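Okay, thanks for coming, everyone. I'll put the structure up and then talk you through it piece by piece.

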Amino acid sequence: MRNPEEELIRILKGAGVDFTASLPCDRIKCLIPLIAENFQHVPLTREEEGVGICAGAALAGKRPAMFIQNSGLGNMINALLSLTGLYGLPLAIFISHRGVYKEQVAAQVPMGRHAAGILMGAQIGFTPVDSVQALALAPSILEGVYSGNKAHAFLISPAVWEGSGLKPPLPPAREKRPSAPVSCPERQSPRRGKIPARHELLSAIWPFLEGRAVVCNLGFPSRELYSAGHRPSHFYMLGSMGMATPIGLGIALSSGKEVVVIDGDGSLLMNPGVLATAASLSPKNLTVIAIDNGVYGSTGSQATFTGTCVDLEMVARGFGIRNTFKTGDKEELARLLEKPAGKGPRFIHALASAGNLDTPVVPLDSLEIKRQVMEFLRG
Ligand SMILES: Cc1ncc(C[n+]2csc(CCOP(=O)(O)OP(=O)(O)O)c2C)c(N)n1
């Protein structure tokens, strides 16, 4: 008899799953190493980030699956609805369903009890899996996920793993911290002279986005990029704030194309952990431009903390990205983009002044945006 974890791996392989992301739960501590051994695997800092990364992977033609604890379901609902759901992208989610079976941790109970209700309320299909035998339902459901481009959750009871003879691996040896310095290279102050507005930066870099997949932050950034000139390679975000860099990372990990993310300070501060994920996986084809105008520009220009205490380049370096730049000059930004990302992910902290171009919403719907980007990525 196979162990239940091995049975699930067999089912996933049968369904053609080829991209995975996970955040640990004690009950799946023997499953996650097997996932990492058998599939392309992204360890996450937060479940929502995984939804973005898997969306990027799906745009590049992959069949993604996530492995999480049900507490993490609460961290990902917005992205599941306004990204996976809105754009019609496939995602299988295997949820370790805590709080309902032989639970010792009181804090697991509230989310455990409500997990099914939350999924039902969000109209995300789900299947309770209470025994190894119930895994037999998975192949046909997975077939529906990947052919029907939808999300589906499997609520897996800890009872499923009870018969397992697997032992978790030993923890990795703790080595000394990486010795590279966190501090930024010496720079001339980029704040001299007039700092361009976001739309001026976008117009300056537009020629250099040709041939690259571009993931653009929601709201005015996407509107301004569209008005600078549409290309089928542009993934305009219509929702899912904080998911620009995760989506770009997912595409970069799943395709050979150069990927440029146009992110914002407010959005990056919402999910900064993705910078650690990018640093650790280190795709050479990813450039993140953090357009830092010091405000939530699309919602009335309320101040973010980059105007007072946060230096996003330092944040990126602190998370382990070494290939960083800072500029407040549009020509310099364009010159940086002329070259490919080079060694590991590149992070460009682009200072901007607040203000939006008076330009209408992107006139493409989510499915049309997806269709064009997928065609570009296939080409
Ligand atoms: C989860 C969530 N919270 C809040 C919003 C509202 N919202 C949309 S865009 C935006 C501002 C984004 O700011 P930033 O990333 O700095 O980009 P900017 O518009 O300044 O270029 C906010 C707060 C949202 N869409 N989703």
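**Two strands to start with**

Let's begin with strand β7, residues 213-216, which is joined to β8 by three bridges, with the two strands running parallel. If you want one pair to look for on the screen, find Val215: its bridge partner in β8 is Phe235. Before I go on, please keep in mind that this is a predicted model.

Now zoom out a bit. What is the strand order in the sheet that holds this pair? Reading across, it goes β8-β7-β9-β10-β14-β13, so we have six strands in an open sheet with parallel pairing. At the edges sit β8, residues 234-236, and β13, residues 323-327, and each of those pairs on one side only. From one strand to the next, the twist averages 15 degrees.

There's also a helix packed on this sheet, namely α10, residues 244-254. It touches β7, β8, β9 (259-264) and β10 (286-292). Compare directions, and α10 makes about 170 degrees with β9.

**The other sheet**

Next, a second sheet to look at. This one is open too, has six strands in the order β2-β1-β3-β4-β6-β5, and again the pairing is parallel. Its edge strands are β2 (41-43) and β5 (125-129), each with pairing on one side only. On average, neighbouring strands here are turned by 20 degrees against each other, ignoring direction.

Up close, β1, residues 19-22, and β2 run parallel and are joined by three bridges. Which residue of β2 is the bridge partner of Ser22? That would be Pro43.

For those of you who don't look at sheets every day: strands in a sheet pair through backbone hydrogen bonds, and that can be parallel or antiparallel.

**A pair of helices**

Moving on to α1, residues 4-14, and α2, residues 31-38. Their axes come within 10 Å and cross at roughly 35 degrees, and the crossing is right-handed. So who meets whom? On the α1 side you have Glu5, Glu6, Leu8, Ile9 and Lys13, and on the α2 side Leu31, Leu34 and Asn38. By class, that contact has four nonpolar residues, one polar and three charged.

**How the chain is divided**

The chain splits into domain 1, 4-161, and domain 2, 198-378. Taken over C-alpha atoms, the centres of the two domains are 28 Å apart. How many residues does each domain put into the contact? It's 24 from domain 1 and 28 from domain 2.

Stay on the domain 1 side for a second. Both α3 (47-59) and α5 (77-85) supply at least two residues each to the face that touches domain 2, and α3 gives the largest share, nine residues. Sorted by class, that side of domain 1 has 13 nonpolar, seven polar and four charged residues.

**Around the ligand**

Last stop, the ligand. There are 20 residues around it, and the ones that come nearest are Met241, Gly264, Gly266, Ser267 and Gly297. The elements that give two or more residues to this shell are α9 (220-228), α11 (265-270) and β11 (295-296). Which of them gives the largest share? That's α11, with three residues.

And what kind of residues are we talking about? In the shell around the ligand, eleven are polar, seven are nonpolar and two are charged.

That's my tour. Happy to go back to any of these views.

Terms used: Residues are numbered from 1 along each chain as its sequence is written. This is a predicted model: local features need pLDDT of at least 70, side-chain atom pairs count only at pLDDT 80 or more; totals for chains, interfaces and linings use all residues. A residue is near a molecule or strand if its C-beta atom, placed from the backbone, lies within 6 Å of it. Helices (H or I, at least four residues) and strands (E, at least two) are DSSP runs, numbered from the N terminus. Ala, Val, Leu, Ile, Met, Phe, Trp, Tyr, Cys and Pro count as nonpolar, Asp, Glu, Lys and Arg as charged, and the others, Gly among them, as polar. Two strands pair if DSSP finds at least two bridges between them. Axes are lines fitted to C-alpha atoms, for helices over the stretch in contact, and angles run from 0 to 180 degrees between N-to-C directions. Two residues are in contact if their C-beta atoms, placed from the backbone, lie within 7 Å. Domain bounds come from an automatic or database domain assignment. A crossing is left-handed if the near helix is turned anticlockwise from the far one by less than a right angle, and right-handed if clockwise.
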